[in-house]
Amino acid sequence: MAAREILEVHRVAKSFGGVHALRHCSFSLTHGKITALIGPNGAGKTTLFNVVNGFLPADEGRIVFEGRDITAEPAWARSRLGMSRTF
């Protein structure tokens with residue numbers, strides 16, 4: 001069975017004023033595989049999760065979940081598709 005990409009992040013960017021938290025961030029997650037995101041404090045990990053989950057809007061780029069472009073979808077709509085996070 002071929003690996004299926006469940007999440008694709010294409011060149012996502014997010015800035016807060018003049019501070020670039022994310023610059024053209026791209027990656028994909030494959031169904032059935034465990035993937036980790038590591039980095040030092042201030043690297044943008046939490047910002048990335050917040051943009052992917054819809055808590056913050058992306059300034060640029062695209063987010064595709066299970067083949068559907070969800071870039072403009074609010075957090076509640078993404079949750080209904082099965083994408084969520086905990087605090």
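## Report on a predicted chain of two helices and four strands

Leaving aside neighbours within four places in sequence, Phe49 is in contact with Leu37 and Arg85, where contact means heavy atoms within 4.5 Å. Phe49 is found in helix 1 (residues 45-52). Its relative accessible area is 44%, so Phe49 is partly exposed. On this scale buried means under 20% relative accessible area, exposed means over 50%, and partly exposed lies in between, with a 1.4 Å probe and protein chains only. The C-alpha atoms of Phe49 and Ser84 are separated by 9.9 Å, although the two residues are 35 residues apart along the chain.

This is a predicted model, in which local features need pLDDT of at least 70, side-chain atom pairs count only at pLDDT 80 or more, and totals for chains, interfaces and linings use all residues. Residues are numbered from 1 along each chain as its sequence is written, and side-chain values use heavy atoms, with hydrogens and water left out.

**Secondary structure and sheet**

The chain has two helices and four strands, and along the sequence they follow the pattern β-β-α-β-β-α. Helices (H or I, at least four residues) and strands (E, at least two) are DSSP runs, numbered from the N terminus.

The four strands form an open sheet in the order 2-1-3-4, with antiparallel pairing. Strand 2 (19-30) and strand 4 (68-69) stand at the edges with a single partner strand each, so one side of each has no neighbour in the sheet. Two strands pair if DSSP finds at least two bridges between them. In general, strands of a sheet pair through backbone hydrogen bonds, either parallel or antiparallel.

Strand 1 (residues 5-16) is joined to strand 2 by eight bridges, and to strand 3 (residues 60-65) by five bridges. Strands 1 and 2 form a hairpin with two residues between them, and Gly17 in the turn has a positive phi of about 65 degrees. Some residues that face each other across the sheet are listed here.

| Residue in strand 1 | Partner residue | Strand of partner |
|---|---|---|
| Glu5 | Thr30 | strand 2 |
| Glu8 | Ser28 | strand 2 |
| Glu8 | Val64 | strand 3 |

Thr30, in strand 2, has a relative accessibility of 18% and therefore counts as buried. Not counting residues up to four places away in sequence, Thr30 touches Ala3, Arg4, Glu5 and Ile6.

**The chain as a whole**

The radius of gyration of the chain is 13 Å, which agrees with the value near 12 Å for a compact globule of 87 residues. This radius is taken over C-alpha atoms, and the globule rule is 2.2 Å times the number of residues to the power 0.38. Along its principal axes the C-alpha trace spans about 45 × 25 × 25 Å.

Buried residues make up 28% of the 87 residues. Of the contacts with a separation of 6 or more, 49% are between residues 24 or more positions apart. The chain exposes about 6000 Å², and carbon and sulfur atoms supply 55% of this area. Accessible areas come from the Shrake-Rupley method with a 1.4 Å probe; for residues, only the protein chains shown count as cover.
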